[in-house]
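Trainee: Could you take me through one part of this structure in close detail, residue by residue, and explain how its side chains are placed and what they meet?

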Amino acid sequence: MKYVKCNVKLLNEINLFTTTLVSAVNMISCLTEIKDNLFLNCGSLKNIKLPNKLTKIKSGSFANCKSLENIEIPASVIEIENSAFANC
């Protein structure tokens, strides 16, 4: 499992994981927003656990993650933009 460590409130590197062979991601609790296209086309991603402080999942965040089998979305999420999970 790949761990995303952060000391910021959001990840905004476009396509951060698209070229890596990541199958599971567990993000630590400081993350509050997942920016557009962060995991776009991450075909090997199967499992992801989102942190309890997360409030937004932006457009295309997990688009084309065709292997995605399990995602834990906390109750703190108040906005999931269109196409966040397109073609999953």
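Mentor: What follows is a close look at strand E4 and the loop after it, together with the residues that they meet elsewhere in the chain. Please keep in mind throughout that this is a predicted model, and that each distance and accessibility below is computed from it.

Let us begin with the strand itself. Strand E4 covers residues 33-34, and Glu33 is placed in it, as is Ile34. Ile34 counts as buried because its relative accessibility is 0%. Although 24 residues separate Ile34 from Lys58 along the chain, the C-alpha atoms of the two are 6.0 Å apart. Glu33 has a relative accessibility of 12%, and it therefore also counts as buried, the limit being under 20%.

The side chain of Glu33 has a partner, since it makes a polar contact with the side chain of Lys35 at 3.2 Å. This pair can also be described in terms of charge. Side chains of opposite charge can pair when their charged atoms come close. Glu33 and Lys35 do meet in a salt bridge, with 3.2 Å from N to O, which lies inside the 4 Å cut-off for such a pair. The two partners differ in their surroundings, because Glu33 is buried at 12% relative accessibility, whereas Lys35 is partly exposed at 24%.

The count of salt bridges comes to 2, and the other one brings us back to Lys58, the residue whose C-alpha atom lies 6.0 Å from that of Ile34. Here the side chain of Lys58 meets that of Glu81, again with 3.2 Å from N to O. Lys58 sits in the loop between strand E6 (56-57) and strand E7 (70-72), while Glu81 belongs to the segment after strand E8 (79-80), so this salt bridge ties together parts of the chain that are 23 residues apart in sequence. With a relative accessible area of 15%, Lys58 is buried, and Glu81, with 22%, is partly exposed.

We can now move on to the loop between E4 and strand E5, which spans 47-49, and Leu40 is one of the residues in that loop. Leu40 has a relative accessible area of 18% and is therefore buried. Its C-alpha atom is separated by 6.8 Å from that of Cys65, a residue 25 positions away along the chain.

Phe39 is found in the loop between E4 and E5 as well, and its relative accessible area of 0% makes it buried. Between the C-alpha atoms of Phe39 and Ala63 there are 7.2 Å in space, against 24 residues in sequence.

The ring of Phe39 deserves a separate look. A search of the whole structure finds 2 aromatic pairs. In one of them, Phe39 and Phe62 are stacked, with 5.0 Å from centre to centre and 5 degrees between the planes. Because Phe39 lies in the loop between E4 and E5 and Phe62 in the loop between E6 and E7, this pair ties together parts that are 23 residues apart in sequence. Both Phe39 and Phe62 are buried. Phe62 also forms a stacked pair with Phe85, at 5.2 Å from centre to centre and with 5 degrees between the planes. Phe85 lies in the segment after E8 and Phe62 in the loop between E6 and E7, so here too the pair ties together parts that are 23 residues apart in sequence. While Phe62 is buried at a relative accessible area of 0%, Phe85 is partly exposed at 27%. Through these ring pairs, Phe39, Phe62 and Phe85 are linked into a cluster.

Finally, there are the cysteines to consider. A disulfide is a covalent bond between the sulfur atoms of two cysteines. In this model the count comes to 0 disulfides. For Cys42, the closest cysteine sulfur is that of Cys65, and at 5.5 Å it is too far for a bond, because the two sulfur atoms would have to be within 2.5 Å. Cys88 is in no disulfide either, and its nearest cysteine sulfur, also that of Cys65, is 5.2 Å away. Cys42 is buried, with a relative accessible area of 1%, whereas Cys88, with 45%, is partly exposed.

Technical notes:
Residues are numbered from 1 along each chain as its sequence is written. This is a predicted model: local features need pLDDT of at least 70, side-chain atom pairs count only at pLDDT 80 or more; totals for chains, interfaces and linings use all residues. Side-chain values use heavy atoms; hydrogens and water are left out. Helices (H or I, at least four residues) and strands (E, at least two) are DSSP runs, numbered from the N terminus. Buried means under 20% relative accessible area, exposed over 50%, partly exposed in between (1.4 Å probe, protein chains only). A polar contact is a pair of N or O atoms within 3.5 Å; within protein, one must be able to donate a hydrogen and the other to accept it, and residues adjacent in sequence count only if both atoms are side-chain atoms. Rings of Phe, Tyr and Trp (its six-membered ring) pair if their centres lie within 6.5 Å; planes under 30 degrees apart count as stacked, over 60 as edge-to-face and the rest as tilted.
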